[in-house]
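Q: Could you walk me through the ligand site here, and explain the terms as we go?

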Amino acid sequence: MSQTKISLFLVPTPIGNLRDITLRAMDTLQAVDVILAEDTRTSGILLKHLQISKNLQSYHSFNEHKAVEKLVERMKKGETFALISDAGTPAISDPGFLLVRAVLAAGLEVQCLPGATAFVPALVASGLPNDRFVFEGFLPHKKGRKTRIDALLDETRTLIFYESPHRLLKTLEQLAEAFGADRQAAVARELSKLHEEIARGTLVELIDYYQVNPLKGEIVLVVAGCAEQRETRAEKQEKKQAEWKKEKKSRKEID
Ligand code: SAM
């Protein structure tokens, strides 16, 4: 069986606990010609820990546009690359999308390894419905922030945000204002690290908690979707079902 050659591997790296690196991630990092890293210093420390010594090249959001074309040319000549970010899965709120798109457009193969990412454990441990969810990544800091929040007013799926600790209180307040203070939410902090903590409650309860306990570390904010619309939909469905039952009954009577 012939296997297509992979030109670009996206390799997840730990979001805290270094033991979350996978065996396959290590094999892949060993096997490629070049490792592209968001921050060569941060990744250098990880690679040293994993005893992988490899040609490391910088690939970050500032040089992404410029770098893509040259990298694709090198891949066409047969070089293989692994892209890693500072933590988690590359291209998830990290650089990578432009490169993946360009590599695929050039008719080359891309493979993303399964592995560490912050939003999945945050969602699952939040205790909020996870059958359907929306990953919002980082909200814009200023322009467009309110528009993005307003666009989510009727969203019934569970919402996931990445947020910096010093902006969390402001975000919780804005979300409470938009969605209502009693909306359920969870803040997952320092996942996989020593001080991992998941705080669950309504938006107002979380605001009260973080006013007293200032937040440190990295966080994922998970917010329940809008329940009213679900109810409205269910009501509509019930009404339609009742209408259909009535219709069926009257049809039988005519027959
Ligand atoms: N690529 C990463 C991933 O797959 O999750 C995300 C990179 S993004 C630049 C960094 C954000 O991810 C942080 O600001 C935080 O919201 C979240 N994050 C990363 N590590 C985390 C951790 N250990 N605990 C909680 N959130 C984390």
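Q: What makes the space taken by the ligand a pocket?
A: Happy to! The ligand occupies the largest pocket. On a 1 Å grid over the protein atoms alone, a pocket is an open set of points with protein on both sides within 12 Å along at least five of seven lines. A molecule sits in one if more than half of its atoms lie within 2 Å of its grid points. This is a predicted model, where local features need pLDDT of at least 70 and side-chain atom pairs pLDDT 80 or more, while totals for chains, interfaces and linings use all residues. Numbering runs from 1 along each chain as its sequence is written, and side-chain values use heavy atoms, without hydrogens and water.

Q: Why is the contact of Thr117 with the ligand called polar?
A: A polar contact is a pair of N or O atoms within 3.5 Å. A polar side-chain atom of Thr117 is 2.6 Å from a ligand oxygen atom, so the pair qualifies. Asp94 offers a polar side-chain atom 2.8 Å from a ligand nitrogen atom.

Q: Why does the ligand lie between two domains?
A: Because domain 1 (8–112) and domain 2 (119–254) both contribute residues to its shell; the bounds come from an automatic or database domain assignment.

Note on methods: Polar contact = N/O pair within 3.5 Å; in protein donor to acceptor, adjacent residues only side chain to side chain. 1 Å grid on protein atoms, 1.4 Å probe; cavity = no way out; pocket = protein on both sides within 12 Å on 5 of 7 lines; lining within 4 Å.
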